[in-house]
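Student: I would like to learn how to read a structural model step by step, from the overall outline down to single residues. Could we take one together?

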Amino acid sequence: MVLLITIGAIGAFLQIVLPQRVAQLAQSEAGERALARKGTAEVNTNVNRLWADISAKGSMSLSDAQLTQDLALAKSAEKAADDALGHVQLAQSYMAQADGLPFQLHSPAFIATDRPALQHLDKALQASQKLTHAAILQLTLAQQVSQDAQKISTTLDPALNAHAWADAARASSTLAEDLAPQQVSAGFADALLDPLWATWIDGLVSVVTDAQQYALAAAANQTQVAQQTAKNLATARQQVAASFAAAQNGAAAWQAKVIQPLLDTVTRETAAGS
């Protein structure tokens with residue numbers, strides 16, 4: 001009697017409970033997969049738009065308004081990618097639950113078609129996250145460096161031209177302190193920043209360092225030292241201008257080498273997961 005009841009219970013599970021549970025999980029997975037597809041498509045559009053702006057002449061060439069706008073877009077795209085990846089992972093968890101149900105002779109049919117699609121979406125979003133993170137690092141750095149570059153022309157240079165040596169020395173010292181951590185940030189691999197821009201930032205540091213030495217020598221009436229440091233400052237300014245032009249001119253090559261392959265991955269994997 002007990003055996004018959006057990007067999008009947010197992011039969012009911014196999015014929016009723018198991019199919020219902022598989023159907024529920026398949027429905028939940030389909031809903032999450034649809035959200036993942038929609039989110040990934042939106043991220044793909046925004047990431048390509050974002051890097052079209054950045055890659056034209058480099059992040060350091062953008063205006064203050066464009067930096068603010070693109071930084072907001074990068075943060076929004078990063079959050080959207082995180083959200084879409086969450087939907088991918090939830091869909092994958094539903095598949096794992098369905099695949100792990102007992103007494104199945106084979107995996108539920110929806111897993112064979114949906115698993116590859118989710119893997120493609122996952123790859124697209126992983127590349128998107130790398131690009132949005134790099135954009136945030138670059139644009140934040142560009143805002144900081146742009147502000148310091150403007151201070152050279154609005155604060156430091158007027159003090160030098162007016163022979164206000166104490167003001168010039170103080171301004172150059174402050175700028176050197178501000179630029180030091182930015183030199184470090186420019187070397188972060190995650191930022192995907194062209195090394196030519198790091199060279200330009202190094203040049204800005206040379207300008208403010210030479211300006212400080214010039215101001216201090218002039219204030220101390222060390223004529224020969226002041227003359228030599230003035231020449232060094234002039235040379236540093238020329239090198240900064242040249243490095244800025246070189247970085248702008250090299251933007252297309254850097255984009256093709258480093259950024260475009262990631263963008264291609266996002267676009268290709270998004271399409272494959274649709």
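The dialogue below goes from the whole chain to its helices and then to individual residues.

Student: Before anything else, what kind of model is this, and how many helices and strands does the protein chain have?

Tutor: This is a predicted model, and everything we say should be read with that in mind. One begins with the secondary structure, and here the protein chain has seven helices and zero strands, so that its pattern along the sequence reads α-α-α-α-α-α-α.

Student: How do I read the overall shape, and what radius of gyration does the protein chain have?

Tutor: The general idea is to set the radius of gyration beside the value for a compact globule with as many residues. For 274 residues that value would be near 19 Å, whereas the protein chain has 29 Å. The spans of the C-alpha trace along its principal axes, about 110 × 35 × 25 Å, add the dimensions to this picture.

Student: What share of the residues is buried, and what supplies the exposed surface?

Tutor: Burial is judged by relative accessible area, with under 20% as the cut-off, and 40% of the 274 residues of the protein chain count as buried. The chain exposes about 13900 Å², of which carbon and sulfur atoms supply 58%. As for charge, there are 17 positive and 23 negative side chains, and the centres of the two sets lie 4 Å apart.

Student: What do the contacts say about how far apart in sequence the partners are?

Tutor: One takes the contacts with a separation of 6 or more and asks what part of them joins residues 24 or more positions apart; in the protein chain that part is 82%. A case at residue level is E32, whose place is in helix α1, residues 2-57. The C-alpha atoms of E32 and H87 are separated by 5.2 Å, although the two are 55 residues apart along the chain. Residues up to four places away in sequence not counted, E32 touches H87, L90, A91 and Y94.

Student: Is E32 buried or exposed?

Tutor: E32 is buried, because its relative accessible area is 14%, and the cut-off is under 20%.

Student: Which residues does A251 contact, and where does A251 lie?

Tutor: A251 lies in helix α7, and, its neighbours within four places in sequence left aside, A251 is in contact with S55, A56, K57 and G58. The C-alpha atoms of A251 and K57 are separated by 5.3 Å, with their positions 194 residues apart along the chain. A251 counts as buried, since its relative accessibility is 8%. Helix α7, residues 251-272, also holds Q255, which counts as buried at 17% relative accessibility. Beyond its neighbours within four places, Q255 is in contact with S55, Q260, P261 and L263.

Student: What of a pair that is far apart in space, such as D99 and D202?

Tutor: D99 and D202 are 103 residues apart in sequence and 56 Å apart in space, C-alpha to C-alpha. D99 lies in helix α2, residues 64-99, and is partly exposed, with a relative accessible area of 32%.

Student: How do I check the length of a helix, and what does α4 pack against?

Tutor: One compares the distance between the end C-alpha atoms with the span expected at 1.5 Å a residue. Helix α4, residues 165-186, has 22 residues and reaches 31 Å, close to the expected 32 Å. Its buried residues, among them W165, L175, L179 and Q182, pack against α3 (109-161) and α5 (195-219). For α6, the 27 residues should span 39 Å, and the end C-alpha atoms are 39 Å apart, which agrees. The buried residues of α6, including T229, L233 and V240, pack against α3, α5 and α7.

Student: Where is H163, and why might its phi deserve a second look?

Tutor: Most residues other than glycine have a negative phi. H163, in the loop between α3 and α4, has a phi near 60 degrees, a positive value in a residue other than glycine. H163 is exposed, with a relative accessible area of 52%. N221, found in the loop between α5 and α6, likewise has a phi near 60 degrees, and N221 is exposed with a relative accessible area of 67%.

Definitions and conventions: Residues numbered from 1 in each chain as written. Predicted model: local features only at pLDDT ≥ 70, side-chain atom pairs only at ≥ 80, totals over all residues. Heavy atoms only, no water. Helix = DSSP H or I, 4+ residues; strand = E, 2+ residues; numbered from the N terminus. Rg over C-alpha atoms; globule rule 2.2 N^0.38 Å. Buried < 20%, exposed > 50% of the residue type's maximum accessible area, 1.4 Å probe, protein only. Contact = heavy atoms within 4.5 Å. Areas by Shrake-Rupley, 256 points an atom, 1.4 Å probe, with all protein chains shown as cover. Lys, Arg positive; Asp, Glu negative; His and termini not counted. Charge placed at Lys NZ, Arg CZ, Asp CG, Glu CD. Expected span 1.5 Å × (residues − 1).
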